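Student: I should like to learn how the features of a model of this kind are read. Could we work through them in order?

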Amino acid sequence: MHRPRLHWLTFLRIYLRSFLLQASWNFEKLQNLGFYYMILPGLRNIYGDDVPEDVRRRHTDYFNTHPYFAPLVAGTTLRLEAGSCVGEESSVDAETYKNMVMAPFAAMGDALFWGGARPLAALIGLLIASQGSLWAPVVFLLIFNLPHLFFRGSGLVLGYVQELRAIKTIQKCRLPDLAIRLKESTTILIGVLCAYLSFKGCEHQDLPAAWGFVVLPIVLLFAWLAHKGVSSLFLVLLTTSSLLLLALLF
Amino acid sequence: MVGVDYLLAGMVSMLTGLDRVALVQVMISRPLVAGPLTGWALGSPLVGLEIGMLLELLWLGRLPVGAAIPPDDTQVAVGATVLAASTGHFVGLDGMPLVILSVLIAIPLGKFGQVFDKLARHANDRLAVSGYDALMSGNTVKMERYHLFGLITFGLASLATALVIVLIGTLVLYSVAPALIGAVQEAGLSLQYSLILVGAAVLLGTTNVNRGISLFCTAFIGTLLVLWLR
């Protein structure tokens, strides 16, 4: 008996459904229903319209990973399901695989996309916005989404084609290292942005640019406070009330 | 501003709010995008851009990991843009001072976003159970429908947050604007830069990078020297 193969249209449908993965995100089982919703076209391809109850049950259990990594998990899961449907032996079953990878992929995705790519794209957007250009949001969206959308699509195909070997491929990509490089670039851009704003501030107040260096220790102090857990809201209120008080007094 | 404008702003609020968690996540929910988008719907995209700039970095370092719910900076951007685009005429303010006042009033109200978001997720708990039961009884279409109902709960939560920010924000703006007009106008540009710098400092403090301080200081000093000496 041959293993059922997924049609390219099925891949497309799973890809599009991955954008709805978190539609019913809930505290109890997080993305459970969303994961089943995403892989449903693939399961129908494998089992027909009547998906067996045990398959339905195991793919609606607790599930939580980074949404951009979910198609990769879906690809491998469907390949394992297709194999088990025709009685192929595998070192792990689909359920074990999901439980094994969801947390590491979630951590990887958080560091790479939320902690690395997004702040970097936002800072580039902000530097453009500081010139008053409405292209800033467009550039931000392009810088962030071209890799994001490619990653989702290639992850799905990679997961299906390489099955469990996809984990090794992801390891070879050294994504955590890439996340660190992105964060370092972000830190440099924060420095550039702060210096630019200090310079513009001095220009506006008719002060020599050297006064801009005063901003450096203040930003470092605020960064330290934020690192210690002081809320952004408090820092905003502290800054604005001080500036408004100064403006009222002088 | 006419009713159609408010309707458009409401649609932008829901669309950008859905992008935070429930739908697509292409980052139109970031203030740098949500602000100009709302501004564009109201005919003032540059006002939205200025608001987006002020808010973008403030909570960027708060990651939406697992069940953690960061403050709703999307609706803060949407609400502040609506305030700045619609109330200026009545409070006798315009330009950057109005933008800054709107942002300052909207920021604390962003906390409501966390409350509404939490309520939406609790409502989804029930949807998930109903969806699971439907699936186990063999009704896949019903399960899909329950799953997609989640979009409505998240969309309504976003809309409710924006509404609270606009309604309470308008009342606060009317009451505090007369007292603060002078000071805000005086401190205008300094306030604008300071708010972005606070955001940058918070992002710097929450980005865990080895040698982060030296990288930041080198970039800061190098850039300022280049700008100074050119």
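Student: What is the mean pLDDT of chain B, and where in chain B is confidence lowest and where highest?

Tutor: Where pLDDT is low, the predicted coordinates should not be read in detail. This is a predicted model, and chain B has a mean pLDDT of 90, with 99% of its residues at 70 or more. Within chain B, helix α5 (residues 88-91) has the lowest confidence, at a mean of 74, whereas helix α2 (residues 31-41) has the highest, at 95. For the model, ipTM is 0.92 and pTM is 0.92.

Student: How many residues does each chain bring to the contact, and which helix of chain A gives the most?

Tutor: Chain A and chain B contribute 76 residues each. On the side of chain A that touches chain B, at least two residues come from each of α2 (32-47), α5 (94-129), α6 (135-162), α8 (175-204), α9 (215-227) and α10 (232-249) of chain A. The most come from α8(A), with 19 residues. By character, this side of chain A comprises 46 nonpolar, 22 polar and eight charged residues.

Student: Into which domains is chain A divided, and how many Å separate their centres?

Tutor: Chain A has domain 1 (8-182) and domain 2 (209-250). Taken over C-alpha atoms, the centres of these two domains of chain A are 40 Å apart.

Student: Which residues touch the most other members of the largest nonpolar core, and where does this core lie with respect to the domains of chain A?

Tutor: In soluble globular proteins, nonpolar side chains tend to be buried together. Here the largest nonpolar core has 149 residues, and those touching the most other members are Cys194(A), Val103(B), Leu197(B), Ala200(B) and Ala201(B). Helix α8 (residues 140-206) of chain B gives the most to this core, with 23 residues. The core lies between domain 1 (8-182) and domain 2 (209-250) of chain A, because both give residues to it. As for Ala200(B), beyond four places in sequence it touches Ile190(A), Leu193(A), Cys194(A), Val219(A) and Leu57(B).

Student: What is the sign of phi at Glu163(A) and at Arg174(A)?

Tutor: Most residues other than glycine have a negative phi. Glu163(A), although not a glycine, has a positive phi of about 50 degrees, and Arg174(A) likewise has a positive phi, near 50 degrees. Glu163(A) is in the loop between α6 and α7 (165-172) of chain A, and Arg174(A) is in the loop between α7 and α8 of chain A.

Student: Are these residues buried, partly exposed or exposed?

Tutor: Glu163(A) counts as partly exposed because 19 other C-beta atoms lie within 10 Å. Arg174(A) has 11 other C-beta atoms within 10 Å and is therefore exposed.

Conventions: Residues numbered from 1 in each chain as written. Chains lettered and ligands numbered in written order. Predicted model: local features only at pLDDT ≥ 70, side-chain atom pairs only at ≥ 80, totals over all residues. Domains from an automatic or database assignment. Contact = placed C-beta atoms within 7 Å. Helix = DSSP H or I, 4+ residues; strand = E, 2+ residues; numbered from the N terminus. Nonpolar A, V, L, I, M, F, W, Y, C, P; charged D, E, K, R; others polar. Buried ≥ 20, exposed ≤ 12 C-beta atoms within 10 Å, placed from the backbone. pLDDT = per-residue confidence, 0-100. Core = buried A, V, L, I, M, F, W, Y, C linked by C-beta atoms within 7 Å.
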